[in-house]
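Please examine the sequence and the model shown here. The explanation that follows leads through the strand pairings of one chain and then turns to the contact between two chains.

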Amino acid sequence: MKEKKLTKIALLCSLIGILLLLIIAEQQDISASNIKNITNATLDQTVQIKGKITSIKETPAVTIAQVQDSTGFITVIMFRKEGAILTKGMLVEVEGMVKPYNDKLEIEAKLVKVF
Amino acid sequence: MLALELLLGLLIGCGMGIFTGITPGIHINLVSVLILSLSPWLLQYVSPLTLGLVIVGMTIVHTFLDSIPATFLGAPDSDEVLSVLPGHRLLLEGEGYEAVTRTVIGTLAAAILMVALTPVLIIGINYLYPLIKEKISIILLTLCIFFIWKEPRSKLWALLIFMLAGVLGIITLTFGLKDPLFPLFSGLFGTAGLLLSINDKVNIPEQKISFPEVTKKEGFSTITSAVITGSLCSMLPGLGPSQAAMIGAQFTKTMTGPTFLILNSALNMVNMMMSFVTLYAIDKGRNGAIVVVGQIIGKIGKEELLLLIAAVLIALGIGTYLTLALTKVFSKLMTKINYKKVCVSIIVFVTGLVVLLTGWQGIVIYLTATSLGLLPPLKNVGRSHMMGCLLLPIILFLLL
């Protein structure tokens, strides 16, 4: 094997990789980890998002937070136990079910992890 | 737009891989954990997939490039030629470029074969893993006895080093440090070798730029053996490429030093690629950096796996070009620079990082690990017995 052959194989790998990446990225959406991917299609499904708490409101029963990532923001509803230690500006990972509320979508959190 | 963001992320990762690859002591696992801790902040600006591809790019380029410091640094005195590693032996013969090129061939070939075999490997893992799941501790214990038994020079020292590393591993993992493996591995596998190298009078000869002759038969049997043993070993925790290399070497006839370079680098890549497969199939990544990719992306489905494979293919090309080009630069530089000063600056840099990241507890582990790391080369036994630092805790954890 000569060096030229090796670099040719390497170049071919990269080109195939770029082509594959373009096709996949073109087709979708890919991950439900982005807030913008939470649509009616993900209703009643469990999703996972990561982002920053931009506002937070506590009521006797639930904590309501706005979580923002690079693609948008969404309301996250947490029951007392999960929402107890959260404050504005915290970076969190939320796993929960997508639910409709007043014509909008929100996440009912099952698990909230603070970074 | 997403494609562009993903490509950019991958390229940034490749850039970071250059830094981690050619700097001894900077491990991708460490950088990946740093990225993970910054991820909630970073994810406000980029998608999780992009961040995942940053780590993939870094990991692949790192896998290619880390053979440069492994070959060009840490070489012992040529009088100790019996215990010298194959890469160092070629370096001392003026063939450092050839040594690194062999690792490039191994890495690239193994990666291509692994990409092609991904569907088969997923089926294989899904079938085999449930069968061995309950017997992992016994398999690991048997393999550890096998590694010590196969030590050609001193079985007693091999056993002692394995046990000492194991005890050190148990203490380190129960210390409660954030990055316990960093001071442990830097000491065992990094600083110890560099310290010995400073002590020796190393004269690096003029380096030739020549391409190695690898016959089709040699390449085929080595890569096949790497893929089989590496894939099987990836189902077992604690077994790294060096243990897989010891098993793989048993199945490859006429295992010479230069062939071992291909085998070892191929196994590194198999280990990496299998982590994607195990993450997808059994939700377990065996490589620290890939585990972080899984944590950032979330669930790895078919599309995510395909995207990761696409990223690997792109990074393979970049890694190959970068390694060949940078090795030429290193080959010229090595004869001109003060070898001792380079080794000392790396030790100072790594020690500084240990202090910064892990504090006094880390330093205690680091110093103990460094002292232990001096033993294998001094006693002429394989350094891989020090992997007892992970294997012993895992076996005890599974058995007790």
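Ser55(A) stands opposite Gln66(A) in E2(A). This pair belongs to the antiparallel pairing of E1(A) with strand E2 (residues 62-69) of chain A, which are joined by six bridges; two strands are taken to pair if DSSP finds at least two bridges between them. Helices (H or I, at least four residues) and strands (E, at least two) are DSSP runs, numbered from the N terminus. Three residues make up the hairpin connection from E1(A) to E2(A).

The model is predicted: local features need pLDDT of at least 70, side-chain atom pairs count only at pLDDT 80 or more, and totals for chains, interfaces and linings use all residues. Residues are numbered from 1 along each chain as its sequence is written, chains are lettered from A and ligands numbered from 1 in the order in which they are written, and side-chain values use heavy atoms, with hydrogens and water left out.

From E2(A) the chain passes through a hairpin of two residues to E3(A). Eight bridges hold E2(A) against strand E3 (residues 72-79) of chain A in the antiparallel sense, and within this pairing Val67(A) has Ile74(A) as its bridge partner. E3(A) in turn pairs with E5(A), here in the parallel sense and over three bridges. In that pairing, Thr75(A) faces Glu106(A) of E5(A) as its opposite residue.

Glu106(A) of E5(A) also stands opposite Lys99(A). The pairing of E4(A) with strand E5 (residues 104-114) of chain A is antiparallel and comprises 10 bridges. These two strands form a hairpin with two residues between them, and Asn102(A) in the turn has a positive phi of about 50°.

Strand E4 (residues 91-101) of chain A also runs antiparallel to strand E1 (residues 46-58) of chain A, with seven bridges joining the two. Here Gln48(A) lies opposite Glu95(A), and Ile49(A) lies opposite Val94(A). The five strands of chain A thus make a closed barrel in the order E1-E2-E3-E5-E4, with mixed pairing. The twist from one strand to the next averages 55°, with axes fitted as lines to C-alpha atoms and angles running from 0 to 180 degrees between N-to-C directions. Strands of a sheet pair through backbone hydrogen bonds, either parallel or antiparallel.

Chain A also meets chain B. The contact (heavy atoms within 4.5 Å) takes 44 residues from chain B and 33 residues from chain A. About 3200 Å² is buried between the two chains, and carbon and sulfur atoms give 71% of this area; buried area is the accessible area (1.4 Å probe) that two parts lose on being put together, summed over both. Pro40(B), Gln44(B) and Phe211(B) supply 18% of the area that chain B buries against chain A, more than any other three residues.

Which residues form the salt bridge between chain B and chain A? The side chains of Lys328(B) and Glu3(A) do so, at 2.9 Å from N to O; a salt bridge is a side-chain nitrogen of Lys or Arg within 4 Å of a carboxyl oxygen of Asp or Glu. The rule finds one such bridge across this interface, and six over all chains of the structure. Lys328(B) lies in helix H14 of chain B and Glu3(A) in helix H1 (residues 3-27) of chain A, so the pair joins two chains.

The elements that give two or more residues to the side of chain B that touches chain A include helix H1 (2-22), helix H6 (96-132) and helix H14 (302-334) of chain B. H14(B) gives the most to this side, with 14 residues.
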